[in-house]
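Could you walk me through this structure in my viewer, one selection at a time? I would like to know what to click on next and what I will find there.

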Amino acid sequence: DFERKKKYALLGKSWGDKYASVNDTSRANIMQELGEAYYAFEVLDSTILTLNEVLTLHDNHKNWVDKGWATYIIAIAYFDKGDYKNTEKYLLETEKISNKYGLQEEFLLTLEESFGILYFQTIGDVEKAIMTTNKALKYLLSKSPKNTSDSLFIFTNYSNLGIFYEQKGEYNRASFFYKQAI
């Protein structure tokens, strides 16, 4: 349960604060786990505070994958709070980290899909939503071999494109993408 996990994560954090230097990777890992636990249980403010502290630790260790992931979770936490300005800020920062340090393509795929949803749901920029979703879909369709989760991502992206084109009033294109999703 959440309270038990939180108790152990906070105990780990206090030990990390007491016994680990700021440059110790153990402390960064403990803090990352705590931030992810907060997010899993929808404690969004604590997620954001904890993971922002983790970003500096990951910089010290040059741990770009975990920094990218922490930045992405902060963006999603802001999205869940309805703070779309900070959502976009942290998604852009995640993209910058991904591009600079060559993080996995799957990471970038998740990022592009998130941009599509952000642009559509928040600022109503259907064109940007279509562009970023098409980018994610193009990557997925060109990927070989595909893994099990790729099918879900392909379905989601086709469905999202259907929704975006329906919003634009382009019902034939929307129908095409809905059929592709099936």
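Start by selecting helix H7, which has 17 residues and reaches 24 Å from its first C-alpha to its last. That is close to the 24 Å expected at 1.5 Å a residue. Keep in mind as you look around that this is a predicted model.

Now colour the buried residues of H7: Val126, Ala129, Ile130, Thr132, Thr133, Ala136, Leu137, Tyr139 and Leu140. Pick out Thr133, which sits in this helix, residues 126-142. Is Thr133 buried or exposed? Thr133 has a relative accessible area of 1%, so it falls under the 20% cut-off and is buried. Show its surroundings next: leaving out residues up to four places away in sequence, Thr133 touches Gly116, Asn157, Asn160, Leu161 and Phe164.

**Zoom out to the whole chain**

Switch to a cartoon view. You should see 9 helices and 0 strands, so to speak a run of α-α-α-α-α-α-α-α-α from the N terminus on. Of the 182 residues, 43% count as buried. Turn on the surface too: the accessible surface comes to about 10300 Å², and 54% of it belongs to carbon and sulfur atoms. If you draw the contacts with a separation of 6 or more, residues 24 or more positions apart account for 50% of them.

**Into the core**

In soluble globular proteins, nonpolar side chains tend to be buried together. Here the largest nonpolar core has 38 residues. Select Ile74, Leu91, Leu161 and Phe164, the residues with the most contacts inside this core. Which helices supply at least two residues each? They are H2 (25-40), H3 (44-61), H4, H5, H6 (105-121), H7, H8 and H9. H4 gives the most, with 9 residues.

Stay with Leu91 for a moment and show its neighbours. Apart from residues within four places in sequence, Leu91 is in contact with Tyr72, Ala75, Leu111, Ser114, Phe115 and Leu118.

**Rings that pair**

Next, show the aromatic side chains. How many aromatic pairs does a search of the whole structure find? The search finds 7. Select Tyr78 and Tyr90: their ring centres are 5.6 Å apart and their planes meet at 25°, so this pair is stacked. The pair links distant parts of the chain, with Tyr78 in H4 (residues 64-81) and Tyr90 in H5 (residues 84-101), 12 residues apart. Both Tyr78 and Tyr90 are buried.

Then move to Tyr165 and Phe177. This aromatic pair is also stacked, at 5.4 Å centre to centre with 5° between the planes. Tyr165 lies in H8 (residues 148-168) and Phe177 in H9 (residues 171-181), so the pair ties together parts that are 12 residues apart in sequence. Tyr165 counts as buried at 5% relative accessibility, and Phe177 counts as buried at 9%. Add Tyr158 and Phe176 to your selection, and you have a cluster of Tyr158, Tyr165, Phe176 and Phe177 linked by ring pairs.

**Charged partners**

Side chains of opposite charge can pair when their charged atoms come close. A search of the whole structure finds 6 salt bridges. Select Asp45 and Lys81, whose side chains meet at 2.3 Å, N to O. Asp45 is in H3 and Lys81 in H4, so to find them along the chain you look 36 residues apart. Asp45 counts as partly exposed at 46% relative accessibility, and Lys81 is partly exposed at 41%.

Go on to Asp59 and Lys67, which form a salt bridge of 2.7 Å, N to O. Which partner is buried? Lys67 counts as buried, at 10% relative accessibility, whereas Asp59 is partly exposed, with a relative accessible area of 30%.

For the last stop, select Arg173 and Glu170. Their side chains meet in a salt bridge of 3.8 Å, N to O. Arg173 is partly exposed, with a relative accessible area of 43%, and Glu170 counts as partly exposed at 27%. Finish by adding Glu127 and Lys168: Glu127, Lys168, Glu170 and Arg173 are linked in a network of salt bridges.

Methods: Residues numbered from 1 in each chain as written. Predicted model: local features only at pLDDT ≥ 70, side-chain atom pairs only at ≥ 80, totals over all residues. Heavy atoms only, no water. Phe/Tyr/Trp six-rings, centres within 6.5 Å; stacked < 30°, edge-to-face > 60°. Helix = DSSP H or I, 4+ residues; strand = E, 2+ residues; numbered from the N terminus. Buried < 20%, exposed > 50% of the residue type's maximum accessible area, 1.4 Å probe, protein only. Contact = heavy atoms within 4.5 Å. Expected span 1.5 Å × (residues − 1). Core = buried A, V, L, I, M, F, W, Y, C linked by side-chain atoms within 4.5 Å. Salt bridge = Lys/Arg side-chain N within 4 Å of Asp/Glu carboxyl O. Areas by Shrake-Rupley, 256 points an atom, 1.4 Å probe, with all protein chains shown as cover.
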